[in-house]
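Work through the exercises below with the sequence and the coordinates open. Each task is followed by a solution in steps.

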Amino acid sequence: MTRTLTRTIPTRISPSVALMLTLGLSLAASSASAQAVALTLESAVTRALASGPDVTTARANLQKAQANLKAVQADPTSIITTLTQAQQDVTAQTVTLDGTKLNIAQTVLGQYIGAFEAAGRVTLNASQVSLDERNLAIARARLQARVATQLDVNRAQTSLNQNRQELADARAQQPVLEAQLARTLGLPTGTDLTLTAPPAPPRPTLTLATLQSGLEKRLPSLVKAAQGVSFANLQVNIADNDYTPVRTLQDARTSLANAQRSLDDAARAANTQVRDAYRSLGDAQERVELARQSSANAQTSLTQAQARLKAGTAAAVEVQQAQVQSAQAAFAVIQAQDNLWRALAALSSASGTDVTGLVR
């Protein structure tokens, strides 16, 4: 008998092939790990406030300041200036954390609304392109029937080309805006976002006077300026005696006057910013009402066009035109409400008081 011997020969893979396999596996794992995330405006802000890098850094700085204050208070050799500075640092870091939350909420809100509007713009532009295609077909049919000119066809074609370009731009912009939001929220690259329509914006009950009151305790810039005045005043009290050189006392008083001027200037600027933001909020609220009225009128026109089509006194294209106009008016309401959200976020950051109801 003839016996066949089989020998196993080890397979060797070249480094380049191994690298390609590794990259292929990595890409496959990345694709498999890509996730779909459904978000609301509130959940997006909550996620950013819970794990955003800026908020995390502000929390760490506050914890560091608190630890330093505890150590200074426990040290019997700490002098009054060191203790005061440590106390002021805790206060400043606390206010900075609150301000950072408001700023992050404003950023996330703007990105969320921008991405949501981009999706709506794609749908709206697609409807306009469909209408333009129909108008072009009608223009060509009218030209063939010799009841229209070539110029009419050219105009219809130009309108179609322009709206096709706008549709392409909207489609290209949507994933970019969604990617920006995903990065801010710390989501993996390639995450498929599903964004729920923002809720109706709240109507704040706080008056302008209330929002302007106490800014020096809420805004980080004013808190630090007020602390500068307080510390300079402490330096004056320390130098105001018969064993400190007069020149030292004079310099301390000059520093106090400069610090007070800086605080006054910062306070005036902050109050102006709050007043402007409050005025912008009022304007945004009025524009929402106007947009709603226009939308109601467009819906009435659509209803009338549908009735005329049923009665045989209107063409189908007229109904389609009314449908597009109604959709445009409804989208204008969404944009007006989104602008109101932006105004609320801007007022929150300017006043140091959350009027959006999103910051917990």
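The exercises concern a predicted model, and they go from helix geometry to packing and then to the cavity.

**Exercise 1. Helix lengths**

Task: Compare the end-to-end C-alpha distances of α5, α9 and α10 with the spans expected at 1.5 Å a residue.

Solution.
- Step 1. Helix α5 has 35 residues, and its first and last C-alpha atoms are 51 Å apart, close to the expected 51 Å.
- Step 2. Helix α9 covers residues 246-311, which makes 66 residues. Its C-alpha reach is 98 Å, close to the 98 Å expected.
- Step 3. For α10, the expected span is one less than the number of residues times 1.5 Å. Its 36 residues should therefore span 52 Å, and the end C-alpha atoms are 53 Å apart, which agrees.

**Exercise 2. Positive phi angles**

Task: Find which glycines with positive phi follow α5, α9 and α10, and examine the non-glycine case at R146.

Solution.
- Step 1. After α5 comes G186, with a positive phi near 75 degrees.
- Step 2. G312 stands just after α9 and has a positive phi of about 85 degrees.
- Step 3. After α10 comes G352, with a positive phi near 75 degrees.
- Step 4. Most residues other than glycine have a negative phi. R146 is not a glycine, yet its phi is positive, about 60 degrees.
- Step 5. R146 sits in the loop between α4 (80-144) and α5 (150-184). Exposed means over 50% relative accessible area, so R146, at 77%, counts as exposed.

**Exercise 3. Nonpolar cores**

Task: Identify the residues that touch the most other members of the largest nonpolar core, then describe the packing around L193 and α5.

Solution.
- Step 1. The largest nonpolar core has 66 residues, and those touching the most other members are L39, V108, L185, L193 and L195.
- Step 2. Helix α4 contributes the largest share of this core, 13 residues.
- Step 3. A second core, separate from the largest, has nine residues, including V122, L136, L160 and L167.
- Step 4. Beyond its neighbours within four places in sequence, L193 is in contact with V37, L39, E178, L181, A182 and L187.
- Step 5. The buried residues of α5 include L160 and L167, as well as E178, L181 and A182. The buried residues of this helix pack against α4 and β2 (192-195).

**Exercise 4. Buried or exposed**

Task: Decide whether S295 is buried or exposed, do likewise for Q73, and list their contacts beyond four places in sequence.

Solution.
- Step 1. S295 belongs to helix α9. The cut-off for buried is under 20% relative accessible area, so S295, at 17%, is buried.
- Step 2. The contacts of S295, with residues up to four places away left out, are A329, A330 and V333.
- Step 3. Q73 belongs to helix α3 (residues 53-74). Its relative accessibility of 51% is over the 50% cut-off, so Q73 counts as exposed.
- Step 4. With residues up to four places away left out, Q73 touches L83 and Q87.
- Step 5. For a separation in space, take Q73 and R275: they are 202 residues apart in sequence and 41 Å apart, C-alpha to C-alpha.

**Exercise 5. The cavity**

Task: Characterise the largest cavity by volume, lining and residue class, then place S348 in this setting.

Solution.
- Step 1. Searching the whole structure gives one cavity of 30 Å³ or more. The volume of the largest cavity is about 40 Å³.
- Step 2. Its lining consists of L102, A105, Q106, L109, A345, S348, D354, T356, L358 and V359.
- Step 3. Sorted by class, the lining has six nonpolar, three polar and one charged residues.
- Step 4. Both α4 and α10 (316-351) supply at least two lining residues each, and α4 gives the most, with four.
- Step 5. S348 lies in α10 and, at 2% relative accessibility, counts as buried.
- Step 6. S348 and L102 are 246 residues apart along the chain, but their C-alpha atoms are separated by 6.6 Å.
- Step 7. Leaving aside neighbours within four places in sequence, S348 is in contact with L102, T353, D354, V355 and T356. Among these contacts, L102, D354 and T356 also belong to the cavity lining.

Technical notes. Residues are numbered from 1 along each chain as its sequence is written. This is a predicted model: local features need pLDDT of at least 70, side-chain atom pairs count only at pLDDT 80 or more; totals for chains, interfaces and linings use all residues. Side-chain values use heavy atoms; hydrogens and water are left out. Buried means under 20% relative accessible area, exposed over 50%, partly exposed in between (1.4 Å probe, protein chains only). A nonpolar core is a set of buried Ala, Val, Leu, Ile, Met, Phe, Trp, Tyr and Cys residues joined through side-chain atoms within 4.5 Å. Contact means heavy atoms within 4.5 Å. On a 1 Å grid over the protein atoms alone, a cavity is a set of points where a 1.4 Å probe fits but cannot get out, and a pocket is an open set with protein on both sides within 12 Å along at least five of seven lines; lining residues have an atom within 4 Å of a point. Grid points are joined across faces, edges and corners, and a volume is the space filled by probe spheres set on the points. Ala, Val, Leu, Ile, Met, Phe, Trp, Tyr, Cys and Pro count as nonpolar, Asp, Glu, Lys and Arg as charged, and the others, Gly among them, as polar.
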